[in-house]
Structures are given as structure tokens and as C-alpha cells.
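Got the structure open in your viewer? Let's take a walk through it, one selection at a time.

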Amino acid sequence: MPEIWFPHLGIEINHLNRVAFTIFGKEVYWYGIFIGTAVLLGLLLAMHEAKRTGQDPDTYLDFALYALVFAIICARLYYVAFSWDNYKDNLIKIFATREGGLAIYGGVIGGVLTALVYSKIKKINFWQLADTAAPSLVLGQVLGRWGNFFNREAFGDFTNNLFAMRYQLSQVRLGDISDNTLSQLQMVNGVEYIQVHPTFLYESLWNLGVLALLIFVSRRKKFHGEIAGLYFLGYGLGRVWIEGLRTDQLRWGGFAVSQVLSAIFIVAAAAFLVWKGRQEKLVPKSMEGENSVENEEKQED
């Protein structure tokens, strides 16, 4: 019987190993490979965008080295903070990152804080830095969610819609499965399956659409901060409803933390874009260099 199954789409995956290969006795997981690939492609995209807009591409290589470290630290701290019951009696587990436990929003917050400090030290425009990095960030999220697929995590409650996905019950963490899903187990030839929303897929596809939007607007942007604002607005709109489907939510006081944070980002980003749009009736002088570089490239083409 297949380990993973999309019954209404006719897709069956007989075997999908979490481990890609072993090196020096250490297992290398597909999740890590996806994250590593996402970082590399994101960096290349940011450097390409920097060159297109007349910036120094090496600025983003330098920034990425700091941002990656602090993003991982903050992603872990965010997860631990809202899963404290799992760590309070064994603090050493906080450092056991190979067991999983990184939160995207924690990583985003870490990246933003790093950008604020970096832009201040280097005396560069924070919003231009944020605009250049935003498409790379969402590209990373498009790819990173497929690591969740290989890990059999980040799925939703029971569904019977077109995209319904089945995992073998024996291969999924019981703590990630809702009572409603358990009550509707699918038994096929003696094998028990859960049938759930593939929320990893929903978010990956949503983020792909956000990425396309950001790339489209970046060629026509009217002010620094527009692309970053659209990222938080677009990603927040997708995450706020997708998070509601998930069964592994980080919760605080009865609320799904990522849903609340998404709602805050949606309101803040929308307000920022409206306010900034009204303030910037004309293209700022600081953007003239970008436009001239872009025009020169068009002439060369």
C-alpha cells in the first residue's frame, strides 16, 4: 500500500523516505536539503535584484550570512516559547533542533530585526533592503513547505475535498492528529490512513502566487517599502486561513499564534501601503538610480 496517497487525484507514492542520504554516520534529511536549496536560490534572486536596481550584490551576500544565523535562532526561540510545556522539564531539548521545531514567523521576525540593525550600521535604506529581500523570503517559503511534506507534518484536519491527502497512521506523530481526523480513519487493505488537508501544499501554492505578484510589482514599484508591504499583506492573507486548517498550531491563551500575527501583519501592511502611497506621489530621488539602471538594461536588450 502507498505511504502517501491523494485518492481523488489518483496520485500514489509508494515510499517516501525522510532521509535523503547518510554521511559520516549522520542522516541528512530532505527537510534540510529543501531549506538549504531555498537559502541558496533566495540569495541568488536577491543578488540579481540588487544588480538590476543599481545596488551592490555583495551587500546581500554579507547580509544573508547574518540574517540566516539570527533567523534560525529566532525561529527556534519562537517555537520553544509557544511550546514551553514540551521543554520546561528538560531544557537541554531546546538545543535539539534535529528533532524539529522551527517556526517560520520566528524566522521572519529574526530576519527583519537583522535587516534593521544591518541597514543602520551600513547606512543603507532599510526599505530598499526589505524590498530586495522580500521575494527571496517568499521563494524560500515556497520550497521550505515541501520539506514539511517529506516530514509528514504541517497538515490539516479531515477533509474529503479534491486535494485530500492520506498518510499512513503509523508514520505520523499522533500529537499532530485531531480527534476529528482520528474518528474518520480510512482503512484500506488493513492499513490505517488519516485523510487530511495538505496545508503544506496550499501554502506553497499561495506563496508561489505571492512571489509572482512581488516580481511583477518590483518592476513597477512607486516607493521603497512597497514590495515588503505587499509581502506581509499577501503572505498574511494566505496564512491566516491556512493556519485555521492546521492541527499542529502553536497556541497561546486559546488563540492560534500565527493566525493572530497574520491578522496583525495584514492590517499593518495595508495601512502602511495606503499611507506610503499617499505620501509618495512622485518617485523619490533615491529611486532615480534604480530606474536609470533599469532603462539602460532595457536599451541593451
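Start by selecting asparagine 189, which sits in the loop between strand E6 (186-188) and strand E7 (191-196). Keep in mind as you look around that this is a predicted model. Asparagine 189 isn't a glycine, yet its phi is positive, at about 50°. Is asparagine 189 buried or exposed? Its relative accessibility is 67%, and exposed means over 50%, so asparagine 189 counts as exposed.

**Another loop**

Now jump to lysine 123, in the loop between helix H3 (104-122) and H4. Lysine 123 also isn't a glycine, and its phi is positive too, near 60°. With a relative accessibility of 73%, lysine 123 counts as exposed.

**Into helix H4**

Next, select leucine 129, which belongs to helix H4. Buried or exposed, what would you say for leucine 129? Its relative accessible area is just 1%, and the limit for buried is under 20%, so leucine 129 is buried. Which residues does leucine 129 contact, once you set aside neighbours within four places in sequence? Show Tyr60, Phe63, Ala115, Tyr118 and Ser119, and you have them. While you're here, try a distance from leucine 129 to glycine 156, C-alpha to C-alpha: the two are 27 residues apart in sequence and 35 Å apart in space.

**A stop at strand E5**

Move on to tyrosine 167, in strand E5 (residues 165-168). Tyrosine 167 is buried, with a relative accessible area of 1%. Leave out residues up to four places away in sequence and light up what tyrosine 167 touches: the list includes Glu3 and Ile4, then Asn148, Phe149 and Arg152, and also Glu192, Tyr193 and Ile194. Phe155 is on that list as well. Draw a line between the C-alpha atoms of tyrosine 167 and phenylalanine 155 and you'll get 9.9 Å, for residues twelve apart along the chain.

**Hunting for empty space**

Rolling a probe the size of a water molecule over the atoms shows where empty space is left. How many cavities of 30 Å³ or more does the structure hold? There is one, and the largest cavity has a volume of about 70 Å³. To find it, select Glu49, Thr53, Asp131, Thr132 and Lys221, which lie nearest its centre among the eleven residues of the lining. Helix H1 (30-52) and helix H4 (126-151) are the elements that each give two or more residues to this lining. H4 supplies the largest share, three residues. Now colour the lining of the largest cavity by type: you should get one nonpolar residue, five polar ones and five charged ones.

**Zoom out**

Finally, show the whole chain as a cartoon. You'll be looking at nine helices and nine strands. The C-alpha trace spans about 70 × 45 × 45 Å along its principal axes. How does the radius of gyration of the chain, 21 Å, fit with what a compact globule would have? For 301 residues a compact globule would come out near 19 Å, so the 21 Å of the chain agrees.

Switch on the surface and the chain exposes about 16100 Å², with carbon and sulfur atoms supplying 63% of it. Colour by burial, and 45% of the 301 residues count as buried. One last view is the contact map: among contacts between residues at least 6 apart in sequence, 71% join residues at least 24 apart.

How values were computed
Residues are numbered from 1 along each chain as its sequence is written. This is a predicted model: local features need pLDDT of at least 70, side-chain atom pairs count only at pLDDT 80 or more; totals for chains, interfaces and linings use all residues. Side-chain values use heavy atoms; hydrogens and water are left out. On a 1 Å grid over the protein atoms alone, a cavity is a set of points where a 1.4 Å probe fits but cannot get out, and a pocket is an open set with protein on both sides within 12 Å along at least five of seven lines; lining residues have an atom within 4 Å of a point. Grid points are joined across faces, edges and corners, and a volume is the space filled by probe spheres set on the points. Helices (H or I, at least four residues) and strands (E, at least two) are DSSP runs, numbered from the N terminus. Ala, Val, Leu, Ile, Met, Phe, Trp, Tyr, Cys and Pro count as nonpolar, Asp, Glu, Lys and Arg as charged, and the others, Gly among them, as polar. Buried means under 20% relative accessible area, exposed over 50%, partly exposed in between (1.4 Å probe, protein chains only). The radius of gyration is taken over C-alpha atoms; the globule rule is 2.2 Å times the number of residues to the power 0.38. Contact means heavy atoms within 4.5 Å. Accessible areas come from the Shrake-Rupley method with a 1.4 Å probe; for residues, only the protein chains shown count as cover.
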